Amino acid sequence: MNVNVDGSFDDTNKKGGIGMIMRDDGGNPITTACTFLNRCCTALEAELLAIKDGITFALQWTFRPIVLESDCLTAIQMINSKERCLSELAFVVREVRDLMNGDREILLRKIHRSQNHASHSLANKARAEPSSIIWLNPNCDDISQIVKDDFIPE
């Protein structure tokens, strides 16, 4: 199971958004979602929350191993670090680490921003509209073109 996530942040009003797309092993979209963040302090916080929500979402949808992909290297490094996190975002990092310490195989992978277009668009949609939506059918007109344009096979 592959999950792409992205966070979006607007510094002027301290609001954000999260976008995620879940794909099967063949790269076919299973479901997509976007979530409005009414209060968000930094872009890094939005990225960490996107990772946390992406893992939580995937854990609820599948029993298979999870590969979560993000274009935020800093967030991935904070989560994967063996050191105790002392940043103001330590609580989010701790929550993600706790989710990953279960009996499920979860791998965090850094991808290039160009491979994360759909999640990025969904995160911006959630932040700008503001809205929180789950599309169980990613082939619907609202989202199908974004999802189709995003997939780049490895």
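Select Cys72 first. Its relative accessibility is 13%, so Cys72 counts as buried. The cut-off for buried is under 20% relative accessible area. Keep in mind that this is a predicted model.

**More cysteines**

Stay with the cysteines and look for disulfides. A disulfide is a covalent bond between the sulfur atoms of two cysteines. How many disulfides does the count give? It comes to zero. Now select Cys41, which is in no disulfide. The nearest cysteine sulfur belongs to Cys40, and that sulfur is 6.7 Å away.

**The strands**

Go to residues 2-10, strand E1, and add residues 15-23, strand E2. E1 and E2 run antiparallel, and nine bridges join them. For one facing pair, pick Asn2, and find Arg23 of E2 opposite. Next, view the turn of this hairpin. Four residues lie between the strands. Click on Lys14 there: this residue takes a positive phi near 55 degrees.

Keep E2 selected. Is this strand largely enclosed or largely open? Eight of the nine residues of E2 are buried, so the rest of the structure largely encloses this strand.

Now add E3, residues 29-37. Eight bridges join E2 to E3, and these strands also run antiparallel. Try two bridge pairs. Select Gly17 and look for its partner in E3, Phe36. Then select Ile18, whose bridge partner in E3 is Thr35. The hairpin of E2 and E3 has five residues between the strands. Within this hairpin, Gly27 takes a positive phi near 85 degrees.

From E3, move on to E6, residues 133-135. Three bridges join E3 to E6, and the two run antiparallel. Pick Ala33 and you will find Ile134 of E6 opposite.

**A surface patch**

Hold on to Ile134 and add Trp61 and Leu136. Show the surface. These three residues form a nonpolar patch there. Together they have about 330 Å² of accessible area.

**Helix H1**

Trp61 leads to the next stop: select residues 43-61, helix H1. Use the distance tool on the C-alpha atoms at the two ends of H1. What span should the 19 residues have at 1.5 Å a residue? The expected span is 27 Å, and the end C-alpha atoms are 27 Å apart, which agrees.

Now color the buried residues of H1. Among them are Leu48, Leu49, Ile51, Ile55 and Phe57. Charged side chains are on the list too, including Glu45, Glu47 and Lys52. As you turn the view, remember one rule. An α-helix has 3.6 residues a turn, so residues three or four places apart point the same way.

**Salt bridges**

Switch to the charged side chains. Side chains of opposite charge can pair when their charged atoms come close. How many salt bridges does a search of the whole structure find? The search finds seven. Visit three of them.

Start with Lys52 and Glu95. They form a salt bridge, and the closest N and O atoms are 3.6 Å apart. Lys52 lies in H1 and Glu95 in helix H3, residues 90-100, so the pair ties together parts that are 43 residues apart in sequence. Compare their cover. Lys52 has 18% relative accessibility and so counts as buried. Glu95, at 36%, counts as partly exposed.

Next, select Arg109 and Glu69. Their salt bridge brings the closest N and O atoms to 2.7 Å apart. This pair links distant parts of the chain, 40 residues apart. Arg109 is in strand E5, residues 106-110, while Glu69 is in strand E4, residues 66-70. Arg109 counts as partly exposed at 27% relative accessibility. Glu69 is buried, with a relative accessible area of 8%.

For the third pair, select Asp71 and Arg113. Their side chains meet in a salt bridge, 3.8 Å from N to O. Asp71 sits in the loop between E4 and helix H2. Arg113 sits in the loop between E5 and helix H4. The two residues are 42 residues apart. Asp71 counts as buried at 10% relative accessibility. Which class does Arg113 fall into, buried or exposed? Arg113 is exposed, with a relative accessible area of 55%.

**Last stop**

Finish by selecting Lys52, Asp53 and Glu95 together. Salt bridges that share partners join these residues into one network.

Note on methods: Residues numbered from 1 in each chain as written. Predicted model: local features only at pLDDT ≥ 70, side-chain atom pairs only at ≥ 80, totals over all residues. Heavy atoms only, no water. Buried < 20%, exposed > 50% of the residue type's maximum accessible area, 1.4 Å probe, protein only. Pairing = 2+ DSSP bridges. Expected span 1.5 Å × (residues − 1). Patch = residues over 30% accessible without salt bridge, like charges linked within 9 Å, V, L, I, M, F, W, Y side chains within 5 Å. Areas by Shrake-Rupley, 256 points an atom, 1.4 Å probe, with all protein chains shown as cover. Salt bridge = Lys/Arg side-chain N within 4 Å of Asp/Glu carboxyl O. Disulfide = S-S within 2.5 Å.
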